[in-house]
Amino acid sequence: MRTALAALALSLAAPPTLRAQEEVPFVVTPDNVTLAMLELAQVGPQDFVLDLGSGDGRIVILAARRFGASGLGVEIVPDLVERSRRNAAKAGVAERAKFAEQDLFKTDLSVATVITMYLLQEVNLQLRPALLALQPGTRIVSHDWDMGDWRPDRTVTVDAPDKPVGRDKRSRLHLWVVPVRADGAWCGTGANHGARLRLVQKHQVFDATLSAGSTAQLLVGRIDGPRLRSAGGFEATMRGAQLRITQAGDAPLALVGAEFERCAG
Ligand SMILES: C[S@@+](CC[C@H](N)C(=O)[O-])C[C@H]1O[C@@H](n2cnc3c(N)ncnc32)[C@H](O)[C@@H]1O
């Protein structure tokens, strides 16, 4: 009885990081899958790759070695952090592939242009609000686990004969590109004063009504980073607090170049 109570007290006192570590054990992403994750995110020399729960460091190390990127792996298990640093030094990329003993939930995600994760769906869902708040255009790749109703922009399936878990020796890789937050009412400026765009956004999917003069256009489309595109060929880009129509599609041609700001009130 005393032992059970002691165990209960210990579990209640355990910091959240310990529970997370127990929930997400160290399982490696096989080499060919690591490569496919980085290719899916189109990692390049200008990227900063953040691997959340970086295990033995393989994702950040390959990003640096093969694609010339810089990156940081955050990992809660000290031995794995040490091993990652040794692996990076052996691969000759210790300058660009760094590792920190750190709780992924206490990590500044905004440093990344690419985030990689091999966690669990419930951990992905806990991270989701912070991921959706990142700079539009940030790419996120998750090994196997999705993010509920924030549907991936792309999913690929990769043969993974070396996968240490599961009977199905295949991995599903999901890519999301953080969409700009364009939800709401937009008012035309300058010569387009009077034009209105009312936009309803669910993650990277939107529908909108664009009205100018006596015309009104219904737009349904997707958001790719800072760009909004509808099926009819309409395109707009959000820069800072301004939204600019770059292609009219089915909307009046005169609206190309029209700029909108958020309507007051
Ligand atoms: C499934 S492994 C993935 C390792 C590596 N990213 C890969 O794909 O090969 C998940 C890793 O997350 C680490 N981890 C679990 N909870 C964590 C937390 N709260 N903060 C940082 N790392 C954590 C685990 O120790 C483990 O090494």
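A polar contact is a pair of N or O atoms within 3.5 Å. The exercises below apply that cut-off, among others, to a predicted model.

**Exercise 1. Polar contacts of the ligand**

Determine which residues place an N or O atom at 2.9 Å, 2.7 Å and 2.6 Å from the ligand, and say whether backbone or side chain is involved.

*Solution.* Begin with Gly-53, where a backbone N or O atom lies 2.7 Å from a nitrogen atom of the ligand; this pair is a polar contact because the cut-off is 3.5 Å. Next take Asp-51, whose side chain has an N or O atom 2.9 Å from a nitrogen atom of the ligand. Finally, the side chain of Glu-75 brings an N or O atom to 2.6 Å from an oxygen atom of the ligand. Around these contacts, the protein covers 98% of the 600 Å² of accessible area that the ligand has on its own.

**Exercise 2. The shell and the pocket**

Describe where the ligand sits, how many residues surround the ligand, and how these residues divide by character.

*Solution.* The ligand is located in the largest pocket. The elements that give two or more residues to the shell around the ligand are helix H2 (16-23) and helix H4 (58-67). In total, 22 residues surround the ligand, and the closest are Thr-29, Gly-53, Glu-75, Asp-103 and Leu-104. Divided by character, the shell holds 12 nonpolar, six polar and four charged residues.

**Exercise 3. Backbone angles in two loops**

For Gln-42 and Asp-144, establish the sign of phi, the place of each residue in the chain, and the accessibility class of each.

*Solution.* The background is that most residues other than glycine have a negative phi. Gln-42, although not a glycine, has a positive phi of about 50°, and this residue belongs to the loop between helix H3 (31-40) and strand S1 (48-52). Because its relative accessible area is 63%, Gln-42 is exposed, the threshold for that class being over 50%. Asp-144 is likewise not a glycine and has a positive phi, of about 70°; its place is in the loop between S5 and S6. With 21% relative accessibility, Asp-144 counts as partly exposed, since buried would require under 20%.

**Exercise 4. Thr-138: buried or exposed?**

Classify Thr-138 as buried or exposed, and find the partner of its side chain.

*Solution.* Thr-138 is placed in the loop between helix H6 (121-132) and strand S5 (139-143). Its relative accessibility is 5%, so Thr-138 counts as buried. A polar atom of the side chain of Thr-138 lies 2.6 Å from the backbone oxygen of Gln-135.

**Exercise 5. Separations across the chain**

State the overall make-up of the protein chain, then give the separation in sequence and in space for Asp-159 with Ala-241 and for Gly-184 with Glu-23.

*Solution.* The protein chain has six helices and 15 strands, and its C-alpha trace spans about 75 × 50 × 35 Å along the principal axes. Of the 265 residues in the protein chain, buried residues make up 45%. Asp-159, which belongs to strand S6 (residues 154-159), counts as exposed because its relative accessibility is 54%. From Asp-159 to Ala-241 there are 82 residues in sequence and 43 Å in space, C-alpha to C-alpha. Gly-184 lies in strand S8 (residues 184-188) and, at 26% relative accessibility, counts as partly exposed. Between Gly-184 and Glu-23 the separation is 161 residues in sequence and 38 Å in space, C-alpha to C-alpha.

Terms used: Residues are numbered from 1 along each chain as its sequence is written. This is a predicted model: local features need pLDDT of at least 70, side-chain atom pairs count only at pLDDT 80 or more; totals for chains, interfaces and linings use all residues. Side-chain values use heavy atoms; hydrogens and water are left out. A residue is near a molecule or strand if one of its heavy atoms lies within 4 Å of it. A polar contact is a pair of N or O atoms within 3.5 Å; within protein, one must be able to donate a hydrogen and the other to accept it, and residues adjacent in sequence count only if both atoms are side-chain atoms. Accessible areas come from the Shrake-Rupley method with a 1.4 Å probe; for residues, only the protein chains shown count as cover. On a 1 Å grid over the protein atoms alone, a cavity is a set of points where a 1.4 Å probe fits but cannot get out, and a pocket is an open set with protein on both sides within 12 Å along at least five of seven lines; lining residues have an atom within 4 Å of a point. A molecule sits in a cavity or pocket if more than half of its atoms lie within 2 Å of its grid points. Helices (H or I, at least four residues) and strands (E, at least two) are DSSP runs, numbered from the N terminus. Ala, Val, Leu, Ile, Met, Phe, Trp, Tyr, Cys and Pro count as nonpolar, Asp, Glu, Lys and Arg as charged, and the others, Gly among them, as polar. Buried means under 20% relative accessible area, exposed over 50%, partly exposed in between (1.4 Å probe, protein chains only).
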